[in-house]
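Here's a quick tour of some helix packing, charged pairs and long-range contacts. Have the viewer open and follow along.

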Amino acid sequence: MTPPSTPSTPSTTAADGSSQGGAPTLKKALTTPLLYFFILGDVLGAGVYVLVGQIASESGGAVWLPLLLALLLSLLTAASYAELATKYPRAGGASHYATLAYGPFTGFLAGFCMLAAGIVSVAALARGFAGDYLAVFVSLPVVLVAAVFLCALALLNARGISESTRANVAATVIEVGGLLLVVGLGVWLFLRGDGDPDRLAHLGTAHTGAAAGVLSGTVLAYYSFVGFETSVNVAEETRDPRRSYPRALFGALVTAGAVYVLVGVVASAAVPTATLAGSSGPLLEVVKEAGGVPPKVFGAIALVAVANGALLTGIMSSRLAYGMARDGLLPRFLTRVLPGRRTPWASIAATTVLSFLLALTGDVASLASTLVLLLLVVFFIVNTAVLVQRRDHSDRPHFRAYTVVPVLGAASCVALATQIEADVWVRGLIVLAVGVVLGAVAARHRRRDAS
């Protein structure tokens, strides 16, 4: 995630990425495979480690169905991002597209929602870290674990981006390996004649009907696919974004979706739905049912996955807050950096404190739903921005989605938003109100500076 930016006239750029007659551009170094793995690493994160049980509590035994629906809905919005990223291949993301289509106020609001979503995501992962995966080793109060966990991540973040990204490479390999291990254990469990495949057809629960349960589960499942939207910030550094970006984006999403659906299938068939729904470490229940792998080993893998997801999101949130403050859109003190490390300590501290406070206000499911609500606002803006920007007939060759795709993408955002619970809406509306106020203040300052 990057700070909102105002539209500018693109400079002519040579094939090597150097500028011709304008500001210098970023080096074009990313190939399709590199971009594919970048996006896959962003999407294949900690959400599924924590939320499979919550999805089961909403949708019943057919956990795979909300995951599949969330993939399809993500692909709709991904198509809009693909069109905008190849049409305007520069860092800036949703806030830049919103600024082009609707002006700086909406651009600020999109950037602010992305920032708030990142802070909420870290809060949700902090609570997930304090759940059943940690309980395999030790039982501690959630508040204490969340505080220590967030402080440790903040210190690593403040130490430097290179140290943080090196930790991410190792952690990504571990977390993907953990998901593949769950799938392998599920297959082994079926081959030996255990499990109950009939659960895969059970839709809804005693409290929800089939349709309502699946839609509620899809809202939570959507959380597992977020991350793809940040990849637009590296389109400028891709050698041939018109061809490479759509291929890498759709390929990574489909790969992640296939892994998630397989995980949902084996988890639901291997573990009774009530057990799955009652666990904050649902994939650990699969490991226990299958046997052969010590629970502590998988518990450690899951904790690494959750910590890695929180670290990546914390890095992006703190840099976004720093960038917005540097542009005068947030309080100036957030631009303070450590003298030696040159890391934005004030933004890191502020986003960490906010994540901790949010971690105290709700469980993992409600926090995940809040994040989804904020991102649905951003995705609705992006889907509609595609249609608005069709009036800008760019000479640059770019990916173009069928018109019905962004229309369906915007409609899907509205449909999912209607399934979010009232208490989550209250929290989300408070965040949006803060964004509107800050956006209005920033717009007034901008007008005053221009006069």
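Let's start with a helix pair. Helix H3 (residues 64–87) and helix H10 (residues 241–270) have axes that come within 10 Å and cross at roughly 170 degrees. Helices here are DSSP runs of H or I with at least four residues, numbered from the N terminus. The axes are lines fitted to C-alpha atoms, for helices over the stretch in contact, with angles running from 0 to 180 degrees between N-to-C directions. H3 and H10 are therefore roughly antiparallel to each other (angles over 145 degrees get that label). What sort of residues make up the contact of H3 with H10? They divide into 20 nonpolar, four polar and one charged. For that split, Ala, Val, Leu, Ile, Met, Phe, Trp, Tyr, Cys and Pro count as nonpolar, Asp, Glu, Lys and Arg as charged, and the others, Gly among them, as polar.

Before going on, a word on the ground rules. This is a predicted model, so local features need pLDDT of at least 70 and side-chain atom pairs count only at pLDDT 80 or more, while totals for chains, interfaces and linings use all residues. Residues are numbered from 1 along each chain as its sequence is written, and side-chain values use heavy atoms, with hydrogens and water left out.

Now the charges. Side chains of opposite charge can pair when their charged atoms come close. A salt bridge here is a side-chain nitrogen of Lys or Arg within 4 Å of a carboxyl oxygen of Asp or Glu, and by this rule the count comes to three. For the accessibility labels, buried means under 20% relative accessible area, exposed means over 50%, and partly exposed is in between (1.4 Å probe, protein chains only).

| Salt bridge | N to O distance |
|---|---|
| Arginine 390 – glutamate 83 | 2.8 Å |
| Arginine 192 – aspartate 194 | 2.5 Å |
| Arginine 199 – aspartate 196 | 3.8 Å |

Take the pair of arginine 390 and glutamate 83. Arginine 390 sits in the loop between helix H15 (364–388) and helix H16 (404–417) and glutamate 83 in helix H3, so the pair ties together parts that are 307 residues apart in sequence. Arginine 390 is buried at 13% relative accessibility, and glutamate 83 is buried too, at 1%.

In the pair of arginine 192 and aspartate 194, the arginine is partly exposed at 33% and the aspartate is partly exposed at 35%. The remaining pair is mixed: arginine 199 is buried at 12%, whereas aspartate 196 is partly exposed at 27%.

Next up is helix H2 (residues 47–59). Its 13 residues reach 17 Å from first C-alpha to last, close to the 18 Å expected at 1.5 Å a residue (that is, 1.5 Å times one less than the number of residues). Where does H2 bend? At glycine 53, by about 30 degrees, the bend being the angle between axes fitted to the seven residues ending there and the seven starting there. 10 of the 13 residues of H2 are buried, so this helix is largely enclosed by the rest of the structure. Among the buried ones are Val48, Tyr49, Val50, Leu51 and Gly53. H2 is followed by glycine 60, whose phi is positive, near 90 degrees.

Finally, some contacts that span the sequence. Alanine 201 lies in the loop between H8 and helix H9 (210–222) and is exposed, with a relative accessible area of 62%. The C-alpha atoms of alanine 201 and alanine 62 are separated by 5.5 Å, with the two positions 139 residues apart along the chain.

H10 comes back here with two valines. Valine 254 lies in H10 and is partly exposed at 43%; its C-alpha is 9.9 Å from that of serine 74, 180 residues apart in sequence. Valine 266 also lies in H10, but is buried at 3%. Valine 266 and glycine 184 are 8.9 Å apart, C-alpha to C-alpha, and 82 residues apart in sequence.

Helix H8 (residues 161–191) holds glutamate 175, which is buried, with a relative accessible area of 2%. The C-alpha atoms of glutamate 175 and glycine 309 are separated by 9.6 Å, and the two residues are 134 apart along the chain.

Notes. Parallel < 35°, antiparallel > 145°, perpendicular 65-115°, else oblique.
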